[in-house]
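Trainee: I'm new to this one. Can you put it up so we can go through it?
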2 protein chains.
Amino acid sequence: MEQIKTDIEETANLFKLLGDRSRLTMTAMMNVRECCVCEFTECFGMSQPAVSQHLKKLKYFGLVNERKDGYWTYLSLNKESEFYNMIPAVIDAVPDIKEEIDVLLSKCKGGAC
Amino acid sequence: MEQIKTDIEETANLFKLLGDRSRLTMTAMMNVRECCVCEFTECFGMSQPAVSQHLKKLKYFGLVNERKDGYWTYLSLNKESEFYNMIPAVIDAVPDIKEEIDVLLSKCKGGAC
DNA sequence: TGATTAAATAAGCATTTACTTATATAATGT
DNA sequence: ACATTATATAAGTAAATGCTTATTTAATCA
């Protein structure tokens, strides 16, 4: 009974997270490969704190893992998330997203900034 | 180029729409069958204007069609929407949603209120 | 015509969201 | 030790969101 609420509500929260252009784009990029924070701030016309706050939400929800290395922080989809398996299904349903994300990823230098 | 922005942004808007428990549930219900407005107000613990406002957003986005018959208004997924094909893929990715929605739909009398 | 009914709209309100600028933290390099 | 760098946090703000209650619209029925 409570389960009924929980599953739908949790999924609604996932969609709310993805319901922002920046976070959806970040998620689609991470669906291809691990990304550095600096890649997001570089590719998007967006301030560094704004990117940081979006990533905080993704991490808090458990969708994203971080790995620190020197100056840099790398983000990737969290394979342990209960939503991990949904992500490709959801992302790949977006028309033409593959091409769009490829363009964005190639704009980023590829890692360290 | 502009296309790049548009597709992702539009999809983010779709997810934003689905990123609300009530609208996600309504959408999942309509993914099974046409529903009467009164079914939503009845099944959800929610006022009639609240339901009406959620449906307005779904209609404005083009995801949902309405059909009027006497007192009642019936809603269904709009087959002409560019997102129509995404809906089953997205909805069916939700764990256990089939069972949850079946319970909800059986709680509604099945149509006219 | 007048009452009833389903649904939409209007107006108001508290909360959330997505940003901004300024500052802090923590690792690296000199 | 000190400067530099990537990132996080804090505080503030304008706009959006999701509700509420009150009212209106439009169809049906007596």
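Trainee: Is Phe15(B) buried or exposed?

Mentor: Phe15(B) counts as buried, at 0% relative accessibility. Buried means under 20% relative accessible area, exposed over 50%, and partly exposed in between, with a 1.4 Å probe and protein chains only. This is a predicted model, where local features need pLDDT of at least 70 and side-chain atom pairs count only at pLDDT 80 or more, while totals for chains, interfaces and linings use all residues. Residues are numbered from 1 along each chain as its sequence is written, chains are lettered from A and ligands numbered from 1 in the order in which they are written, and side-chain values use heavy atoms, without hydrogens and water.

Trainee: Which residue forms an aromatic pair with Phe15(B)?

Mentor: Phe15(A) does, in a stacked pair with 5.5 Å centre to centre and 0° between the planes. Rings of Phe, Tyr and Trp (its six-membered ring) pair if their centres lie within 6.5 Å; planes under 30 degrees apart are stacked, over 60 edge-to-face and the rest tilted.

Trainee: Now the DNA. Which residues come nearest to strand D?

Mentor: Gln48(A), Ser52(A), Ser47(B), His54(B) and Lys57(B), of the 26 residues around DNA strand D. Near means that a heavy atom of the residue lies within 4 Å.

Trainee: How far is Ser47(B) from a phosphate oxygen there?

Mentor: A polar side-chain atom of Ser47(B) is 2.7 Å from a phosphate oxygen of DNA strand D. For Arg23(B), a side-chain N or O atom is 3.1 Å from a phosphate oxygen of that strand.

Note on methods. Polar contact = N/O pair within 3.5 Å; in protein donor to acceptor, adjacent residues only side chain to side chain.
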